[in-house]
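Got a structure open and wondering what the labels really rest on? Let's go through some of them in plain questions and answers.

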Amino acid sequence: MNPVVQVIRLAATAGESILVDNVCFDVWPGQVTALVGASGSGKTTSALALLGEHGNGVRLGGTVEVDGQVVVDRNGPTSAAAGVKGRVVAYMPQHPGSALNPARRIGATLRELERLHHPTENVVVEALRAAQLPSDPKTLKRFPHQFSGGQRQRIAMAQALTCRPKVLVLDEPSTGLDSITRLQLVSELEGLADGGLGILLLSHDLDLVRALASQVVVLSAGQVIDSGGPEVLAVAPELAPAGTTAAGKPLLKAMSLSASLRPRGRDPILHGVDLAVRPGHCIGIVGRSGSGKTTLARCVAGLHERYTGRLLLDDQSLPVLRKRSLEQNRRIQYVWQEVRGSFDERRPVDQQVARTAQRLRGLRHTEADAEAVATLARLGVSAITAGRPPSRLSGGELQRAALARAVLAHPDVLICDEITTALDDHGTALVVELLTELKDRGTALVWIGHDLGLVAAVSDHVLVIEAGRVIEQGPPATVMTEPKHDLTRRLVRAARIGHRPPDSPPVLTSSNDTRSEPRR
Amino acid sequence: MRSYAAQRAALALVQLAVLSVLVFVLTALLPGDAAEMRFTETLTPERISRMRTQLGLDQPALERFGHWFGNVLTGDLGTSLISGGPVADIIRHSVGATLVLTLATLAVVVPLAVVLGIVMGTRENGRLDRAITSVTLALSAIPDFVIAVLLVAVFSLKLGWLPATWVGGDLLASPALLILPVAVLFGRTVCLLSRQVRAGTISALQAEYVVQARRLGVPRRQLLLRHVLPNAAVPGVQELARTGDTLLGGVLVVEAIFAIPGFATALVDGVETRDVPVVQGLTLVLAVAALVINLAADLVCNRLVPRTELLR
């Protein structure tokens, strides 16, 4: 058997700077090859070379052979590259859910791809089944915005599968998936590989890589630093031991909060949720995608206006965002999951981060800039990177910039909605470290996640939400060791795919005793 | 979609109600009235007051509004104070020319602007993009009356190819009447519209979903027509609505130069003679047209990219 993809001494240069150098890997039919590395290490650049694709001003060199055709030689992409797109190599971007055309019904694009690549077969139904989506006409007639974020990712997957490629490239496929869906993803990809598909997995999710890959290539700064079987991955990082809880009056309270998508309570999405966070505390909210986590966050942030119940900050009623005062805006900050749209494309990121401190705290330009640069650096985003426009930053870097932007307001309540999904373990550790310090300074945190393991590690109190209702809550230790609800048990199990230590539920402590060190 | 359409239509009805009040109030605020304007020569106070009573101008404003609005609802726009004929007739006589002019202009401009916009958008900052941008911008920068006078001087007077005015002309017999007025209106509208399509094309081309479709092997032509155009058309459709409004209501210069008996001319005549029912009627028709055009544009945009939320 021959490899379906052979990459030999791949190089990518942009002017003087070298993005990727001397990268070699193979993808075999029916097997998973994983490219592992921090964001910015050249994973995506290497993978896009399979399509002969490169960024503006980037030169490709080396040899890339796909299905017997040379798509990149030492002069760059060849004319054969156009022919492999979709039909041989299907690429799934990092946030595949946002790669769906808002103006087209999902069926239209699927049928179009079918006509293009396999006009005589009915591949759409098969692809939808493989992506675990219903294939009834009603579903096909819906527009992307009528699906949840998780469903949109599966639609993008169905699009890729409709091309019936020989190689599937997945760029961070577990980003934004709840842990149960992530387990499903593992078995789904195993199934696809068993069917003979070669899979190239780009991921910083080491558990996912361990569960799937037969070959692993570790990239750092554009170079291969190690490659071989899954054993090249280091052992899973340990999490910090349990801590204590502090007392105090709740700073933020939500009382029987119910929310709906449409006016007058139609399409309800939250049902009577109660929530209280004390200063210096962190409340964790877990649930599957579509359970109402984000809506809850948006209610508190004042972005979701169709709700009933009460929101109190310091026992004072909290209006919706557009009626909030500047001070209320400062006190409650919200960091969400897909942040790219929230940055102005034309201005450098550091200036936009500094702006919160100027607007909300009245700092002068120079002070705000200095603070922005310092905060970004703590989060692992260098001053040089931050001085660029947002399009030049990776998803993980922008995510951290969005966090820095919120932190610069010196908020009393900070809502973090799945903010680590685009981050590798090192980035996550830096974020957790900064948040620990904020907690010590008395900031109340609302931490939303699908990964019960991480949520439990960060929070002092955990709420499990399903279908808009709180189905279980308690200290993270109790929730992890004695889950009462069936869903919680599944979340606990899902948090342990890979080789996380099964017991001793991890709880983040104050930074005085243990700091979570950057892992790996 | 259906509930959006219902909401949007309801909003249009509210706008219509507010508009009709505004139209009445604003015309009532005009200084002087028809009675004064009619008898400037033989002005005596007795005649004026007799006239006012006769025309109902001495009634309180609220009562006049109720009367007018009630009639409007039954389709009666009143009678002209000057000619004594029904306002509806005046509208009927003037609307034809304006409508023909507007539709003819749009028929030329829209296809051209869409093509130009896509051509420019797909070659952002290329030579062709800059060339088309320069020409259309230059055209739109020249005032209407300058173009009009130039065109008349060259094509009507010097070369004698095209008629200079509509006077005595019958549109159906000689469509050549339309060429010069449409040419004058062409410049600005084609510029504004193609700029919007260009901007829409550029942003759609960079959108992740277009990049992804290309990566899945969708060929270029198909990519442009099916993936880019529906998104690129949205700003274009909105601009088209504005262009339609402008053409219907504000082509006075063109009507004046080519002696076209259109809407703008009728409106100016009405204002000059303080013929309030005529001004009210014409303004109302224009306002309703603007409402309908924008309603249609919003519905089209919602169909193109169905994610717009109208009301919170």
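Q: What makes residues of chain A and chain B count as being in contact, and how many does each chain give?
A: Two residues are in contact if their C-beta atoms, placed from the backbone, lie within 7 Å. By that rule the contact takes 24 residues from chain A and 16 residues from chain B. This is a predicted model, where local features need pLDDT of at least 70 and side-chain atom pairs count only at pLDDT 80 or more, while totals for chains, interfaces and linings use all residues. Residues are numbered from 1 along each chain as its sequence is written, with chains lettered from A and ligands numbered from 1 in the order in which they are written.

Q: Which elements of chain A give two or more residues to the side that touches chain B?
A: They are strand S7 (89–92), helix H3 (106–117) and helix H6 (149–162) of chain A. H3(A) gives the most, with 4 residues. The names come from DSSP runs numbered from the N terminus: helices are H or I runs of at least four residues, strands are E runs of at least two.

Q: How do the residues on that side of chain A divide by class?
A: There are 13 nonpolar, 6 polar and 5 charged residues. Here Ala, Val, Leu, Ile, Met, Phe, Trp, Tyr, Cys and Pro count as nonpolar, Asp, Glu, Lys and Arg as charged, and the others, Gly among them, as polar.

Q: Why is Arg74(A) called buried, exposed or partly exposed?
A: Let's set the count against the cut-offs: buried takes 20 or more other C-beta atoms within 10 Å of a residue's own, exposed takes 12 or fewer, and partly exposed is in between, with C-beta atoms placed from the backbone. Arg74(A) has 10 other C-beta atoms within 10 Å, so it is exposed. You'll find Arg74(A) in the loop between strand S5 (69–73) and strand S6 (76–77) of chain A. Leaving out residues up to four places away in sequence, Arg74(A) touches Gly61(A) and Gly62(A). The C-alpha atoms of Arg74(A) and Gly62(A) are 4.9 Å apart, with their positions 12 residues apart along the chain.

Q: And what does Cys301(B) count as?
A: Cys301(B) has 19 C-beta neighbours inside 10 Å, so it counts as partly exposed. Cys301(B) sits in helix H13 (residues 276–304) of chain B. Its C-alpha atom is 7.0 Å from that of Val237(B), 64 residues away along the chain.

Q: How do you know whether H10(B) and H13(B) are roughly parallel or antiparallel?
A: The axes of helix H10 (residues 220–249) of chain B and H13(B) come within 9 Å and cross at roughly 175 degrees. That makes H10(B) roughly antiparallel to H13(B). Axes are lines fitted to C-alpha atoms, for helices over the stretch in contact, and angles run from 0 to 180 degrees between N-to-C directions. Under 35 degrees is roughly parallel, over 145 roughly antiparallel, 65 to 115 roughly perpendicular, and the rest oblique. Among the residues that meet are Val237(B) in H10(B) and Cys301(B) in H13(B). The contact of H10(B) with H13(B) divides into 15 nonpolar, 4 polar and 1 charged residues.

Q: What about H11(A) and H14(A): roughly parallel or antiparallel?
A: Helix H11 (residues 349–361) and helix H14 (residues 395–407) of chain A have axes that come within 7 Å and cross at roughly 25 degrees. That makes H11(A) roughly parallel to H14(A). Val349(A), Gln352(A), Val353(A) and Thr356(A) in H11(A) meet Ala401(A), Ala404(A) and Arg405(A) in H14(A).

Q: What puts the buried residues of H18(A) on the same side?
A: In helix H18 (residues 486–494) of chain A, the buried ones are Thr488(A), Leu491(A), Val492(A) and Ala494(A). They cover an arc of only 165 degrees around the axis, so they lie on the same side of H18(A). That arc is taken from the directions from the helix axis to the C-beta atoms. The elements they pack against include helix H7 (179–194) and strand S14 (282–286) of chain A.

Q: How much of each chain counts as buried?
A: For chain A, 50% of its 520 residues count as buried; for chain B, 34% of its 312 residues do. Chain A has 18 helices and 21 strands, while chain B has 13 helices and 0 strands.

Q: What pLDDT does chain A average?
A: The average is 83, and 92% of the residues score at least 70. pLDDT is the predictor's confidence in each residue, from 0 to 100. Over residues 235–247 of chain A the pLDDT is below 50.
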